[in-house]
Amino acid sequence: MQVSLNLIENWLAEKTGILPERVGHELIRQAVVARMAENECEDVETYFSLLTSLDQEYDAFIAEVTVSETWFFRDEVPYQFLAEVVQQQWVQTKSLPCHVLSIPSSSGEEPYSIAIALSELGLDKKDYVIDAVDINREIIEKARKGIYRPHSFRGKDQKFLDRYFKKTEGEYHLIDAVKNRVNFSVGNVLQLDDLCIGRFYDIIFCRNLLIYYDHKTQLQVLKKIHHRLRPNGILFTGHAEANSSLNQYFTGVGPIGAFAFAKRNNVAEKFDAMPSRISNSNNKKVKNKKNRLENNVSLSLSDYQKRRYNEFRAPEMASKIEEVANSGDLGEANRLCQLVLSDSTDPEVYYVCGLVKEAEGASHRAEALFRMALKWNPEHYNALTHLAANLQSRGFSAEAKKIKQSVIRKFENNSDE
Ligand SMILES: C[S@@+](CC[C@H](N)C(=O)[O-])C[C@H]1O[C@@H](n2cnc3c(N)ncnc32)[C@H](O)[C@@H]1O
C-alpha cells in the first residue's frame, strides 16, 4: 500500500503543486481509502487508474485532499489596504475599472470580501471586475450559491453582515448585488496562463496556497502571477507566504499585516541594461515614478524604529531603505541598513543595502552585500546581475562572465513569457 500511496502523492504534487507532507500523509491516505470504498476498488493501483482517467473522480479526490479553510475579511488589514490602494491608484487617477483576481478563492469568502470592500468605496458594477478561481469544483459550486454559516464570519468587524446578507435559520445569504459581481471558475494556478488568456490584472489575491508548495513551485507560480499583473499591480499573499521567494518578482508595500507586494517591473530586463534602482546623486530628490505607490503607502520611519525588525517585515524594510535612498538621503539609508543588517536573513535587505553602498561608490562593500543576499537566496536575480556588473566594472571579467552565463541559464532560457 505504501508504494502505491507514494504514487498517488507524487501525482498530486505534480498536478496541483501541493506537497504531501504539507497537507499531511494521513489526510491523503484517508482520502484514498474513502474514495476506494466509494468506487468499490480493491487495490490502490485500480483506484489510481480510475483517478487518472475519470474527470469526475479527479474532482472528488481533489475535494477530499485540498484544505479550503477561509472566512470573510480574513486578516482584515489586507482589505483595508486594498481599499486605500484602489482609492489612490484607480479612483483618484480615474483609471477604473480595476481588475481583480482571487486565486485560490475557495468557497468565495475572499472574492466576496473584495467585492464588499469595493462596494464600500462607492464603486459599482462598471468600476471593477473580480474573477475567482479554485481547483476544487465542489467548492466553486458552493461559492456560486453565496450561502454561509456563522463559521465564515470570524473577524471582529461584522458591520457588513446586515448590509450584505439576509439571515435565515442559521444561514447567511449574500445579496445578489454582491453575488453577481464575482465570476467564478474552476482552474489550476499552475496553469494560470491558460486560464487567463488575454487577461491581465491590477490586483491578485493569492493567499494561503503557496504555503503548500516548495520553493521551486512557489517561484514558478510567482513568475506566472508577475506576468499576469499590470505594471502598477499588487499581489496579496497570506501571512506565512511573505517570504524571500517573493523578492525576485515583488517588493513589499503597505502597512504591516497587509502582506501586499508591488510588481517589480525590471525583472525581465537584461542585466546589462538594468539601471540601479538607487540613484547615486546624493543631494538631488529623485522622482521615481515606479516607486509612486511605495512612497504613498509605506510606513513612516518612526514606526519602524519603534518595532523590532523581523522576517515578515523584511520586504517592507527593504523598500523603505530603497525609498529613503531614492529621496537622496544616503546617510539615513545607511543608518537603516546598519539597523537591520545585524539580524537579517533576508536577501532583499542585503541586496538593497548593496545598492546603497554602490550608490556611495563603496564597490567592495557592495560586492560583499550582494554576496550575502546570494548566500540567503542563491537565485536572487537582481543580486546576481548587480554582482556581475560590479565585478565587471572592477575588472574581474572572468567571474562576471560566469555569473552572467548562470543568470542566462537559470532565468532567461526557461522564460515562458
Ligand atoms: C486555504 S484555502 C485559501 C482560500 C483563500 N485564498 C484564503 O486565504 O482564505 C486553499 C485553497 O487552495 C485551493 N487549491 C489547492 N491547489 C490549487 C491549485 N493548484 N490551483 C488552484 N487552487 C488550488 C484549494 O482547493 C483551497 O480551496
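**Reading a ligand shell, a helix contact and a sheet**

Tutor: The shell around the ligand comprises nine nonpolar, 10 polar and five charged residues. Here Ala, Val, Leu, Ile, Met, Phe, Trp, Tyr, Cys and Pro count as nonpolar, Asp, Glu, Lys and Arg as charged, and the others, Gly among them, as polar. This is a predicted model, in which local features need pLDDT of at least 70 and side-chain atom pairs count only at pLDDT 80 or more, while totals for chains, interfaces and linings use all residues. Residues are numbered from 1 along each chain as its sequence is written.

Student: How many residues surround the ligand, and which are the closest?

Tutor: A residue is near the ligand if its C-beta atom, placed from the backbone, lies within 6 Å of it. There are 24 such residues, the closest being Thr66, Thr70, Pro104, Ser106 and Arg207.

Student: Why is the ligand said to lie between domain 1 and domain 2?

Tutor: Domain bounds come from an automatic or database domain assignment. Domain 1 (2-65) and domain 2 (77-241) both give residues to the shell, so the ligand lies between them.

Student: What makes E3 and E5 a pair of strands?

Tutor: Strands (E, at least two residues) are DSSP runs, numbered from the N terminus, and two of them pair if DSSP finds at least two bridges between them. E3 and E5 (residues 171-174) share two bridges and therefore meet the definition, in the antiparallel sense. At one bridge, Ile147 has His173 in E5 as its partner.

Student: Why are E3 and E4 called edge strands?

Tutor: The open sheet has the order E3-E5-E4. E3 (147-148) and E4 (165-168) each have a single partner strand, so one side of each is left without a neighbour in the sheet.

How values were computed. Helices (H or I, at least four residues) and strands (E, at least two) are DSSP runs, numbered from the N terminus.
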